[in-house]
Amino acid sequence: MGKAMSVVGRQVQRFNVENRAQKVISQAKPKPAPKFESNLRDLERVLKDHPEIVEEQSRKNVQLDENLRQVYVTSKDVMIDPKAAQTQDPDKPLPINRTTVEEYEFGHLEPRTVTKGRCTLRQAVQFIGNHQTDPQQWTSAKIAEYYNMKEPLVRNILDHFKSFEVHLPDKNLERRRVLTRAAEGAKQIE
């Protein structure tokens, strides 16, 4: 029902639109928007205090008219002279390399230098992975010494962050489960 009403409403809006537009365009002067009472009072007050403003607006300013007569506008069509559009400003050269910028491995540009007591994301992932593979060799004290970081900070990082572990399911394990369930079901039936 909603679509039908929108179609009908659109047809009503577009009915005789050309004639209505022509009627509005052909009017001599557009009707001004209504003004608020406060604006009308302000306008009347200004006209009482300074009646010369109305005369000044209706009078032609000769100096401005002369300035407008001295302005000449010239334009060159780009389609007529395509070489004119191709000229480059040597102060603003176009980029030579138009290839896309490579995306960074961790989503942001890594800093070249790292301040003492901090590490990059790459370094953090590296020492978290090292600690997970061999915790006896890569202790929090050794990692803190290697990366010039505080040991409690490294301990917190190792406690709260882990790298992803991928567990691939064994296809034979699923088959064994199905067989054991079937065997258990057969025993219950007997």
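Trainee: Why is asparagine 16 called partly exposed?

Mentor: Its relative accessible area is 36%. Buried means under 20%, exposed means over 50%, and partly exposed is what lies in between, computed with a 1.4 Å probe on protein chains only. The value for asparagine 16 falls between the two limits, so the residue is partly exposed. Please note that this is a predicted model, in which local features need pLDDT of at least 70 and side-chain atom pairs count only at pLDDT 80 or more, while totals for chains, interfaces and linings use all residues. Residues are numbered from 1 along each chain as its sequence is written, and side-chain values use heavy atoms, with hydrogens and water left out.

Trainee: Where is asparagine 16 placed, and what is notable about its phi?

Mentor: Asparagine 16 sits in the loop between helix H1 (2-14) and helix H2 (17-25). Helices are DSSP runs of H or I with at least four residues, strands are runs of E with at least two, and both are numbered from the N terminus. The phi of asparagine 16 is near 55°, which is positive although the residue is not a glycine. Most residues other than glycine have a negative phi. Asparagine 148, in the loop between H8 and H9, also has a positive phi, of about 55°.

Trainee: What makes asparagine 148 count as partly exposed?

Mentor: Asparagine 148 has a relative accessible area of 47%, so by the limits given above it is partly exposed.

Trainee: How many helices and strands does the protein chain have, and how do you know whether it is spread out or a compact globule?

Mentor: The chain has 10 helices and 0 strands. Its radius of gyration, taken over C-alpha atoms, is 41 Å, and the globule rule, 2.2 Å times the number of residues to the power 0.38, gives 16 Å for 190 residues. The value is well over that of the rule, so the chain is more spread out than a compact globule. Its C-alpha trace spans about 105 × 65 × 55 Å along the principal axes, and buried residues make up 8% of the 190 residues. As an example of separation, valine 101 and proline 51 are 50 residues apart in sequence and 66 Å apart in space, C-alpha to C-alpha.

Trainee: Why is valine 101 called exposed, and why does threonine 120 count as buried?

Mentor: Valine 101 has a relative accessible area of 68%, which is over the 50% limit, so it is exposed. Threonine 120 has 9% relative accessibility, which is under 20%, so it is buried. Valine 101 lies in the loop between H6 and H7, and threonine 120 is also placed there. Leaving aside neighbours within four places in sequence, threonine 120 is in contact (heavy atoms within 4.5 Å) with Glu110, Pro111 and Val114.

Trainee: What makes a set of residues a nonpolar core, and which residues make up the largest one?

Mentor: A nonpolar core consists of buried Ala, Val, Leu, Ile, Met, Phe, Trp, Tyr and Cys residues joined through side-chain atoms within 4.5 Å. The largest has 11 residues, among them Phe127, Trp138, Tyr147 and Val154. H7, helix H8 (140-147) and helix H9 (151-160) each give two or more residues to this core. Leaving aside neighbours within four places in sequence, valine 154 is in contact with Phe127, Ser140, Ile143, Ala144 and Met149. Serine 140, in helix H8, counts as buried because its relative accessibility of 14% is under the 20% limit.

Trainee: What makes a space in the model a pocket, and which residues line the largest one?

Mentor: On a 1 Å grid over the protein atoms alone, a pocket is an open set of points where a 1.4 Å probe fits, with protein on both sides within 12 Å along at least five of seven lines; lining residues have an atom within 4 Å of a point. The lining of the largest pocket includes Leu121, Ile157, Phe161, Lys162 and Ser163. Helix H7 (residues 121-133) gives the most to that lining, with 4 residues.

Trainee: How many residues of each class are in the lining of the largest pocket?

Mentor: The lining has 7 nonpolar, 1 polar and 1 charged residues. Ala, Val, Leu, Ile, Met, Phe, Trp, Tyr, Cys and Pro count as nonpolar, Asp, Glu, Lys and Arg as charged, and the others, Gly among them, as polar.
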